[in-house]
Amino acid sequence: MKPEDFDLIAGIVKSKSGLVLGKDKTYLVTSRLTPVARKHKLADLSALVSALRLRREGELVHDVVEAMTTNETSFFRDLKPFDAFRDVVLPYMVSSRQKQKKLRIWCAACSTGQEPYSLAILLREQGGALANWRFDIVATDLNGAVLERARSGRYTQFEVQRGMPAKLLVKYFRKVDNDWQLNPEIRSAVTFREQNLLGNIGAVGRFDVIFCRNVLIYFDPSTKERVIKSLEGVLEEDGALFLGGAESTVGIRSNLKPVKNVRGCYARADNFVTQFAPAIPQRVLNSRALV
Ligand SMILES: C[S@@+](CC[C@H](N)C(=O)[O-])C[C@H]1O[C@@H](n2cnc3c(N)ncnc32)[C@H](O)[C@@H]1O
């Protein structure tokens, strides 16, 4: 691929999604965009680039951006954030929202749905104590194709083996041919919709807890800052943000700071110590994975 063609594609992908494609991604661009060229009846990648030069909006651009997203995910990915949500953030939220008995959670780059469904199952597993609570889980992604898969709630054997404990698999899924499908109760606990993190995030609503994991790593520092600021804008004053293991707010101008002893969890500087830290149970503090 000619360097100027690569630059054009990388420029479009960055401006539409924030994703940065380094020069070392030429192979990836070629392998992922060849099927897009075929779908649009374009002879090859040079024809695709010529078409992009003529028209910087529309279905072709949409398909190019979608094809360049990385959708790697798994159930209860990294485990610790889910433990921290259950053992630290949830007890705090339950005690501070006794009146409303309502919690709004946003999975902001949810890919094929394993993350929001893990949360839905985790909440269901809390049983009677939260029986009269309402949990709204909104899950969004830029990529419409992964959302379609997420809505189906259907996963391969390989996908469920990656993180779903056998006990929960038999409790919440049923076998459909060679796949596993989540039961309607868990599926209906999550609302999926398309949302670009660079777009009008305010339209999604306000949230007590936001999971935005393993997407900021693909952005440059200024896009990261822009997205963190937008997330901050829709996070309740005493809300909690979970980022991925390789992500942080370090070096970013933001009021969201790491919650002491709860790896991957961020909250507003003026309340995070007082609001969350006292709620941390000793067994979580003792956990090896916590800093
Ligand atoms: C690696 S997956 C992470 C999935 C999940 N959060 C996890 O940690 O397992 C990253 C997701 O971010 C989505 N994404 C990339 N850029 C985005 C953007 N600008 N707005 C919304 N989603 C985006 C991709 O489509 C992809 O599904």
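**Entry 1: helix α1**

I looked up which residues of α1 are buried in this predicted model. I found I9, I12, V13, K16 and S17. They cover an arc of only 100° around the axis, so they lie on the same side of α1. I then turned to the face directed away from that buried side, and there I noted the exposed residues P3, E4, D7 and S15. I also asked what covers the buried residues of α1, and the cover includes α2 (26-39), α3 (45-54) and α4 (59-67).

Next I checked the length of helix α1, which runs over residues 3-17. At 1.5 Å a residue, its 15 residues should span 21 Å, and because the end C-alpha atoms are 21 Å apart, the expectation agrees with the model. After α1 comes G18, and I recorded for G18 a positive phi, near 90°.

**Entry 2: the nonpolar cores**

I looked up the largest nonpolar core and noted that it has 60 residues. The residues with the most contacts inside this core are V89, A108, I210, C212, L241 and C265. Helix α5 (residues 80-96) gives the most to this core, namely 7 residues. Apart from this core lies another, of 13 residues, including I9, L33, L60 and M68.

I then took C212 by itself. Not counting residues up to four places away in sequence, C212 touches A108, A109, L231, L241 and L243.

**Entry 3: strands β1, β2 and β7**

I followed the pairing of strand β1 (residues 102-107). It runs parallel to strand β2 (residues 134-141), and 6 bridges join the two. Within this pair I located W106, which stands opposite V138 in β2. Strand β1 also pairs with strand β7 (residues 207-212), again in the parallel sense, over 3 bridges. Here C107 has F211 of β7 as its bridge partner. I noted further that β1, α6 and β2 make a right-handed β-α-β unit.

**Entry 4: L119 in helix α6**

I looked up L119, which is found in helix α6 (residues 114-124). Is L119 buried or exposed? It is buried, because 26 other C-beta atoms lie within 10 Å, and 20 or more are enough for a residue to be called buried. Leaving aside neighbours within four places in sequence, L119 is in contact with I105 and I137. I also compared L119 with V190: they are 71 residues apart along the chain, and their C-alpha atoms are separated by 9.3 Å.

**Entry 5: the antiparallel sheet**

I traced an open sheet of 3 strands, in the order β3-β5-β4, with antiparallel pairing. β3 (154-155) and β4 (173-176) stand at the edges; each has a single partner strand, so one side of each is left without a neighbour in the sheet. β3 pairs with strand β5 (residues 179-182) over 2 bridges, and I noted W180 in β5 as the bridge partner of Y155.

**Entry 6: two positive phi values**

Most residues other than glycine have a negative phi. I therefore recorded L79, a residue other than glycine whose phi is positive, near 55°. L79 is found in the loop between α4 and α5. It is exposed, because 12 other C-beta atoms lie within 10 Å, and 12 or fewer count as exposed.

S111 is not a glycine either, yet it has a positive phi of about 50°. S111 is found in the loop between β1 and α6. I noted that S111 is buried, with 25 other C-beta atoms within 10 Å.

Technical notes. Residues numbered from 1 in each chain as written. Predicted model: local features only at pLDDT ≥ 70, side-chain atom pairs only at ≥ 80, totals over all residues. Helix = DSSP H or I, 4+ residues; strand = E, 2+ residues; numbered from the N terminus. Expected span 1.5 Å × (residues − 1). Arc of directions from axis to C-beta. Contact = placed C-beta atoms within 7 Å. Core = buried A, V, L, I, M, F, W, Y, C linked by C-beta atoms within 7 Å. Pairing = 2+ DSSP bridges. Right-handed = clockwise from strand over helix to strand, strands pointing away.
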